[in-house]
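Thanks, everyone. I'll walk you through one model this morning. Please bring it up on your screens.

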Amino acid sequence: MAAKINTEVASKAWIVVTEVLSPNIGNKRPNETEFHNAVDIMSQNGLAYIIEEWFVECLQQHLRRNVAPKFWNFFDLEQTDILPQQLGKAVNYLHEITMGYLPCIDRLNSMSVIVENRKPSTVFNTNNLSEAYILLIKSIIFFVLPAKFCTAVEMFYSQAFKVFHHSTSEDEEDQDVIDEEEEECKGCDREQEDCVCKDILDNFHTINRQLDDIGILERVSGMAVTSIVHERIKNHIENTCKGNFETSYLKNLEEWLDSKVLGWLTLVYSGNCRNTYSDCIEGFKGRLLHFLYETFARTHIDQLFNIIIEFPESEPAILDLKVCLEKTDLRGTLVSSLKTALETRLLHPGVNTSDILTAYIAAIRALRILDPVGVILELVCDPVRKYLRSRDDTVRQIVSNLTDDGSNELLEELQKGQPLLDDGCSSDDELDDWENWMPDPVDADPRSTSKSRRASDIISMLVNIYGSKELFVQEYRTLLADRILTQFNYEIVKEIRYLELLKLRFGESQLHYCEVMLKDVADSKRLNSRIMDERRKSAEREEIEVNSMVLSAQFWPAFREEKIKLPEVMQKSLEEYTKKFEALKGNRTLNWKPHLGLVNIDVELKDRTLNFNVSPVHAAIIIQFQSQETWTVEELSNVLQMPATALRRKIAYWQTQGLLREEVTDKFVLVEEHKGRAHDVIVTDDDEAESAMASAQTQREEELQVFWSYIVGMLTNLESLTIDRIHSILRMFAMQGPSVVECSIPELKHFLDSKVRDQKLLFSGGVYRLPKPDML
């Protein structure tokens, strides 16, 4: 049978309990003996469990109805500049309320009899009333943080942060030495005599301690402190690292974060606080390190184009960025940003091909360090490769750089003597370091092999823009021929050295024609020496001394053609040289290219003598003025047998030199006297750097003529063929061997269409056929 409750005794005990547990008892000190006796009576009557429930309910009502409204009234102001002061008042008020409740909470927590009889999970799933009180504060007062309160907190901690770093001089970037003449304090922004930095720091410590006593320090300060610290990290990285790529900063930044920023956080959460926040600070450290890496990486990603252009001096910045990429998820951002930068700053007509190639080579070298696997390089530089492929002078620029006397990356690569990499073959070296093998990243293109991406050979990557070694060899052959014929120099030691290096890259069979070309130069030097020796022995004196470059025509690229009939004196010298050559070589003779070569002439005028190195065409023009002083374009055109348009262009050179003057349209006169001009002036022909070789388009048309006999033969036998079928047959029979001409389908179509226009082919129904004999 349940024990009978003594109502009168229980009522008196309840009054004692409620009076002691009420925080509003003023200065009256509660009688602890009476309180314990009252609790015993409540317990004996089975009513002890209602003590905690009553206390929690009263606490909730008081916080909701009284404390919360009064607390938020502190921030109901129009002036934002006094919000930090209002924050101090509000926290002080809430601290007083808490201090009033804490003795009551401690009494309840100390009553073991209550703990034993308390129902589990009565209040917020906790058996500790101190934790329950903190939960009530957070849920009732700080459930939603108004904008003004957040502003007040951020202003308060920002001001304290600034004063702390100024007064302690801990931050190397912001420390200021206060001299006697300094008018304003950099910490509180007041006059030196009115400095309140100490008061701000004292208030900072007081509010932190009070918030910690209440148990809401992290809840109130977390967002503001994080925002301040993030802004501080951004500014420090911006001021310290931006624009300087020759120094590694990452390690110093990590040390700065550990000593300066975390030192500040330790002051916030551990200085003058009862509770320990070591776990909180450790968590902050991990998140801030990640934020540091991410901010640093984004700063360098924004400047990555400039970092690449300044490579290899910027290698420290590349290595720092590599570490950050391993710790953050910014690979996609980097690829997108750098690809956009390259397209915007490089891939447009305003940039020279040589500059694009320089940037591309720098990107290859820099991105190989950033990502040794080569995936970033493959993704970023694909638009660059496509754009370079569309430029007509790309191959010539690459080949020119390969054999340039100046110091450049391609020449250094060529001197390494490595062979071109072939993606189709495997290498035994791939398994040498199998223990450290790593799979390709997830963003790698599955269509390309890992080996091709990891290849660091720059020349191989440039050749792979076109996928054809023959194209580069052909361009080098043209460039070599042009260099020999425009300079007209028998010294070929340098060219032989380049050729030997290129053989290691492209193979000897590919460069056989170039070997013959250099052999022709050496043979020509010996031939000229023999002819000159014979001339000296016979005491012959020629009006014009001739030195020739005897070339094996079938091994040289097509020459630029230009019609010209040389003056008799020049033609006679060539004929005499031919006779001497025939005497030495028996049944062989010479076929002169009179428009090519150099002529050294002295022009003697009334008041001056000038020396020129010019082309035979220029020499032929000025020689004509030896017989008469005035010529029309038509007369010269008839004598020299060259088109008038080309003749006018050549005459313009002599006009610029002051030797010819156009009296009337197309009528030129020799200028014998020119006051103020020095005598014996040596002038070099800088009029035009015209190539001795045929244009690329002309050479290509002549090369494709090789296929014409094959095409006629297959159409004679098979009557009609599509362009794809013609191309496949040509690849099978006419495009084999190391020195054959290759032809793409678009080029073949252009060639066949030209034959259709010349009425040598018919095209209908998507097939080509030969015209019938009666149609010809």
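How many bridges join S1 to strand S2, and in which sense do they run? There are 6 bridges, and the two strands run antiparallel. Keep in mind throughout that this is a predicted model.

Let's stay with that pair. Strand S1 covers residues 599-604, and strand S2 covers residues 609-614. A hairpin of 4 residues links S1 to S2. Look across the ladder at Ile601: its bridge partner in S2 is Phe612. Ile601 also sits on the covered face of S1, together with Val599 and Val603. The uncovered face of S1 carries Asn600, Asp602 and Glu604. As a reminder, strands of a sheet pair through backbone hydrogen bonds, either parallel or antiparallel.

Now step back to the whole protein. It has 776 residues, and 44% of them count as buried. The secondary structure comes to 31 helices and 9 strands. Take the contacts between residues at least 6 apart in sequence: 72% of these join residues at least 24 apart. The accessible surface is about 42,000 Å², with 49% of that belonging to carbon and sulfur atoms.

Next, a sheet. Three strands, S3, S5 and S4 in that order, make an open sheet with antiparallel pairing. Its edges are strand S3 (630-632) and strand S4 (660-664), each pairing on one side only. From one strand to the next, the twist averages 30°. S3 pairs with strand S5, residues 667-670, over 3 bridges in the antiparallel sense. Within that pairing, Thr632 stands opposite Lys667 in S5.

What packs on this sheet? Helix H25, residues 616-627, does, and H25 touches S3, S4 and S5. The direction of H25 makes about 70° with that of S5. Then there is helix H26, residues 633-640. H26 lies across S3 and S5, and runs at about 85° to S3.

On to the other open sheet on my list. Here the order is S7-S9-S8, with 3 strands and antiparallel pairing. Strand S7 (720-721) and strand S8 (762-764) are the edges, and each pairs on one side only. S8 and strand S9, residues 767-769, run antiparallel and are joined by 3 bridges. Leu762 stands opposite Arg769 in S9.

Now go to the start of the chain, for a helix pair. Helix H1 spans residues 7-21, and helix H3 spans residues 49-73. They pack at an angle of about 40°, with axes 11 Å apart. That angle makes H1 oblique to H3. Who makes the contact? From H1, the residues are Trp14, Val17, Thr18 and Leu21. From H3, they are Ile50, Ile51, Trp54 and Phe55. As for handedness, the crossing of H1 and H3 is right-handed.

One last stop: a proline in a helix. Pro383 is found in helix H16, residues 375-390. Is Pro383 buried or exposed? Pro383 is buried, because its relative accessible area is 18% and the cut-off for buried is under 20%. Which residues does it touch, leaving aside neighbours within four places in sequence? Pro383 is in contact with Lys339, Glu343 and Leu347. Take Glu343: Pro383 lies 40 residues away from Glu343 in sequence, yet their C-alpha atoms are 7.4 Å apart.

That's the tour. Over to you for questions.

Technical notes
Residues numbered from 1 in each chain as written. Predicted model: local features only at pLDDT ≥ 70, side-chain atom pairs only at ≥ 80, totals over all residues. Heavy atoms only, no water. Buried < 20%, exposed > 50% of the residue type's maximum accessible area, 1.4 Å probe, protein only. Contact = heavy atoms within 4.5 Å. Areas by Shrake-Rupley, 256 points an atom, 1.4 Å probe, with all protein chains shown as cover. Pairing = 2+ DSSP bridges. Axes fitted to C-alpha atoms, helices over the stretch in contact; angles between N-to-C directions. Parallel < 35°, antiparallel > 145°, perpendicular 65-115°, else oblique. Left-handed = near helix turned anticlockwise from the far one by under 90°.
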